[in-house]
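User: I'd like a close look at one aromatic residue and the rings around it. Walk me through it in one go, please, and tell me how far to trust the model.

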Amino acid sequence: AVTVASGSVAQHQKQQSGQHRECNASAAALGGRAYLFSGPCGRGKSTHTHLWQQTFGEAVQVFNDDKPALRRLDGRWYAYGTPWCGKDGIILNQKWPLGGICFLEKSQENRIRRLSAAEALPLILAQTTYRLPPQYMELLLASLDSLLREIPVFLLENRPEEAAARLSFETMRRAAEEEGL
């Protein structure tokens, strides 16, 4: 998963499909699905996936801690590990069906709510690699429109504690099951 800005013809062709994106996030798999935790630097993305590991043990697989790739393939969204690993060096070459995306905010209380596509779009745009020539921006927006219509997106206001990990997983798992993901 490489941005179009690199100039490679093959990468441009991949991006032209409109179904391939990177997202600044920490990615963890649990129960057969990937869940992404995203937000600006310092919001606790790595901390939250570490909490998942502490809370759910070996059942959790953190497979990328910086820029997982997202791709729509055969009518379904997938998250992929990439070589961009962040400070913790987590780079596993894995592919998981995407079950949800969760934007993080620090708070004194743990609460989570599902975001509408209109609420989620500016958040995901801010965390998506999209240095594109103008002619490709329409493809990016079409891809994000598809993603936001098909994948549940949440805002988790949280403290760095086990209760937040349980709340995020149970809420996203339930939504993924309801959506048939």
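Analyst: Let's start with Phe 56, which counts as buried at 18% relative accessibility, where buried means under 20% relative accessible area, exposed over 50% and partly exposed in between (1.4 Å probe, protein chains only). Bear in mind that this is a predicted model, so local features need pLDDT of at least 70 and side-chain atom pairs count only at pLDDT 80 or more, while totals for chains, interfaces and linings use all residues. Residues are numbered from 1 along each chain as its sequence is written, and side-chain values use heavy atoms, with hydrogens and water left out.

Phe 56 shares helix α2 (residues 45-56) with Trp 52, four residues away, or about one turn of the helix; helices here are DSSP runs of H or I, at least four residues, and strands are runs of E, at least two, numbered from the N terminus. Trp 52 is buried too, at 0% relative accessible area.

Now the rings. Those of Phe, Tyr and Trp (its six-membered ring) pair if their centres lie within 6.5 Å, and planes under 30 degrees apart count as stacked, over 60 as edge-to-face and the rest as tilted. That rule gives seven aromatic pairs. Trp 52 and Phe 56 have ring centres 5.8 Å apart and planes at 80 degrees, so they pair edge-to-face. Ring pairs also tie both into a cluster with Tyr 35, Phe 37 and Phe 169.

As for trust, mean pLDDT (the predictor's confidence in each residue, from 0 to 100) is 81 for the protein chain, with 77% of its residues at 70 or more.
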